Amino acid sequence: PDVLLDERFSQHPFVVAPPYLRFYAGLPLHTPDGFALGALCVFDSSPHELNSKQKNAMNALTRQVLSHFHLNRANHLLADVNEKLAQEIDERKAIEHAHKELIQALQDEKQLTRMMQELDRMKTNFLTVTSHEMRTPLAVIKGYAEALAGGHLGELNPVQQQSLGSINRMVDRLVGTFNDILEMLHVNQGKMPVRPVSMDLM
């Protein structure tokens, strides 16, 4: 039919002006859920009538266009799925890497803890042995000083007595220092001795 004689198209710009269309045939394009995508159209500048073969060809072409559209849409959806899958794989790899780093950090922390405990044990042993070994000669010095002070080895002049007093005070101070060290070691080891004392609360 001649579209110039069809009131729906007679005033269309493509009919009354270039390209001066006189023939139009179209088939709608719909998605399976009924959404209208557009239409497959055929134009000509001369009036025509479509025969059954041409109509079948247009129907086949319409189906092919829709198939290409659905395939393209499926490809886009598949690309989105692949992209999300790649992101999930990257996130899983990142989580696994972080998990490995956490395990390594915990192992390093355990190793550091063991090293600190070993160093603490060595320090405790050193201070304990040193304190005991130093207290023995100090006790000897204390014994000689007490013997001198008691006049067992002869009388002392004032200068010697003053020097002997300084020695006694120095020995007492050193013994007290070593006792404090041993008590600190006991505190660190949870072995602080309990010494009950009487107190007047009134």
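The exercises below, each with a worked solution, concern a predicted model of a protein chain.

**Exercise 1. Describe the order of helices and strands along the chain, and say what share of the residues is buried.**

Begin by counting the elements: the protein chain has three helices and two strands. Next, read them from the N terminus, which gives the order α-β-β-α-α. Then turn to burial, for which a residue must have under 20% relative accessible area. Of the 202 residues in the protein chain, 11% count as buried.

**Exercise 2. Find the salt bridges and decide for each named partner whether the residue is buried, partly exposed or exposed.**

The first step is the count, which comes to two salt bridges. In one of them, Arg8 is paired with Asp6, and their closest N and O atoms lie 2.8 Å apart. Because the relative accessibility of Arg8 is 64%, Arg8 counts as exposed, the cut-off for this class being over 50%.

The second step takes Glu118 and Arg121, which form a salt bridge whose closest N and O atoms are 2.4 Å apart. Both residues belong to helix α2, where they are three residues apart, or about one turn of the helix. Glu118 has a relative accessible area of 34% and is therefore partly exposed, and Arg121, with a relative accessibility of 42%, also counts as partly exposed.

**Exercise 3. Work out which residues form the nonpolar patch on the surface, and place Met122 within the structure.**

The patch is made up of Leu112, Met115, Met116, Leu119 and Met122, which together have about 510 Å² of accessible area. To place Met122, look at helix α2, which covers residues 52-149 and contains this residue. Since its relative accessible area is 46%, Met122 is partly exposed; a patch residue needs over 30%, so Met122 meets that condition.

**Exercise 4. Describe the largest pocket by its volume, its lining and the elements that supply the lining.**

Start with the volume, which is about 170 Å³. The lining includes Pro1, Phe23, Tyr24, His48, Glu49 and Lys55, among other residues. When the lining is sorted by type, seven residues are nonpolar, three are polar and two are charged. Sorting by element shows that β1 (23-30) and α2 each supply at least two lining residues, and that β1 gives the largest share, with five.

Now follow one lining residue further. Glu49 sits in the loop between β2 (36-44) and α2, and because its relative accessible area is 62%, Glu49 is exposed. Although Glu49 and Pro1 are 48 residues apart along the chain, their C-alpha atoms are separated by 6.1 Å. Both of these residues line the largest pocket.

**Exercise 5. Identify the backbone features at Pro19 and Tyr20 and explain why they stand out.**

First recall the usual case: most residues other than glycine have a negative phi, and most peptide bonds are trans. The peptide bond from Pro18 to Pro19, however, is cis, with omega near 10°. Tyr20 has a positive phi of about 55°, although this residue is not a glycine.

Finally, place the two residues. Pro19 is in the loop between α1 (13-16) and β1, and Tyr20 is likewise found in the loop between α1 and β1. Tyr20 has a relative accessibility of 42%, so this residue counts as partly exposed.

Note on methods:
Residues numbered from 1 in each chain as written. Predicted model: local features only at pLDDT ≥ 70, side-chain atom pairs only at ≥ 80, totals over all residues. Heavy atoms only, no water. Patch = residues over 30% accessible without salt bridge, like charges linked within 9 Å, V, L, I, M, F, W, Y side chains within 5 Å. Areas by Shrake-Rupley, 256 points an atom, 1.4 Å probe, with all protein chains shown as cover. Salt bridge = Lys/Arg side-chain N within 4 Å of Asp/Glu carboxyl O. Helix = DSSP H or I, 4+ residues; strand = E, 2+ residues; numbered from the N terminus. Buried < 20%, exposed > 50% of the residue type's maximum accessible area, 1.4 Å probe, protein only. 1 Å grid on protein atoms, 1.4 Å probe; cavity = no way out; pocket = protein on both sides within 12 Å on 5 of 7 lines; lining within 4 Å. Points joined across faces, edges and corners; volume = space filled by probe spheres on them. Nonpolar A, V, L, I, M, F, W, Y, C, P; charged D, E, K, R; others polar.
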